[in-house]
Amino acid sequence: MRVYHDRFSIPMSPLGAWLAILCLCLLPHTVQAATIVAFGDSLTAGFGLSQDEAFPAVLENTLRNKGYDVTIVNAGISGDTTAGGVSRLSAVLSQKPDGVILELGANDGLRAFDVAFMKDNLHTILSTLQKHDIPTLLVGMYAPRNMGPVYGKQYKAAFSSLAEEFNAAFYPFFLEGVALDPDLVLSDGLHPNAEGVQRIVQRILPTVETFLEKQGVATHQTP
């Protein structure tokens, strides 16, 4: 009996063949490493925090502790808008990421930009990433309350409709469970503090894990 391996064969006894097959079955599964770009504004960049406390670093550390071989690149720029994101697309593409977490739009809302303008910019980013076969996890935001209910409804709907159009993974509100909680934000009342970032990561983690697993990024840990 012969056991075949790639381009060569090895003569073996029936018992030896079974032992060889058993050893092959016991080898650890290959786990795909991944580089994910966190593409966003100050909420991604980690405004007022150290780099180790920023969202990308905390998310990467949390995922690695769960066994994922993943690197999260911090591509957040404080004050950036969706238009700024469009201008930075080439820099993101140059990193050849396996995926993108897209968190932009908060500053558009703070500056009362037209929702259609914001949506068009996000559409450009998503369509460009799609053309380059880069899966995207779109992160939504809510508009400031002082913008009124009509603007708020249109703003919120822009994210969900884009996620549906591009069949993108979607997390509706980046600051879920953190916004307006004085214990979880900085003194400006807008940006999460270190504890707030931890809360954000724990909330978004199941969505990120599903996103990674769909790209074939399995955990090292065995059931």
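## A tour from Asp-80 to helix H3

Select Asp-80 to begin: at 9% relative accessibility it counts as buried, a term that stands for under 20% relative accessible area, with exposed meaning over 50% and partly exposed in between (1.4 Å probe, protein chains only). Add Arg-88, whose side chain meets that of Asp-80 in a salt bridge (2.7 Å, N to O), that is, a side-chain nitrogen of Lys or Arg within 4 Å of a carboxyl oxygen of Asp or Glu. Arg-88 is buried as well, with a relative accessible area of 15%.

This is a predicted model, in which local features need pLDDT of at least 70 and side-chain atom pairs count only at pLDDT 80 or more, while totals for chains, interfaces and linings use all residues. Residues are numbered from 1 along each chain as its sequence is written, and side-chain values use heavy atoms, leaving out hydrogens and water.

Next select Glu-60, Arg-64 and Asp-69, which salt bridges with shared partners join into one network. The closest N and O atoms are 3.5 Å apart between Arg-64 and Glu-60, and 3.9 Å apart between Arg-64 and Asp-69. Arg-64, at 37% relative accessibility, is partly exposed.

Now show helix H3 (residues 55-65), where the buried residues are Phe-55, Pro-56, Val-58, Leu-59, Thr-62 and Leu-63; helices (H or I, at least four residues) and strands (E, at least two) are DSSP runs, numbered from the N terminus. Seen down the axis of H3, these buried residues fall within an arc of 165 degrees, so they line one face of the helix, the arc being that of the directions from the helix axis to the C-beta atoms. Finish at Gly-67, which follows H3 and has a positive phi, near 100 degrees.
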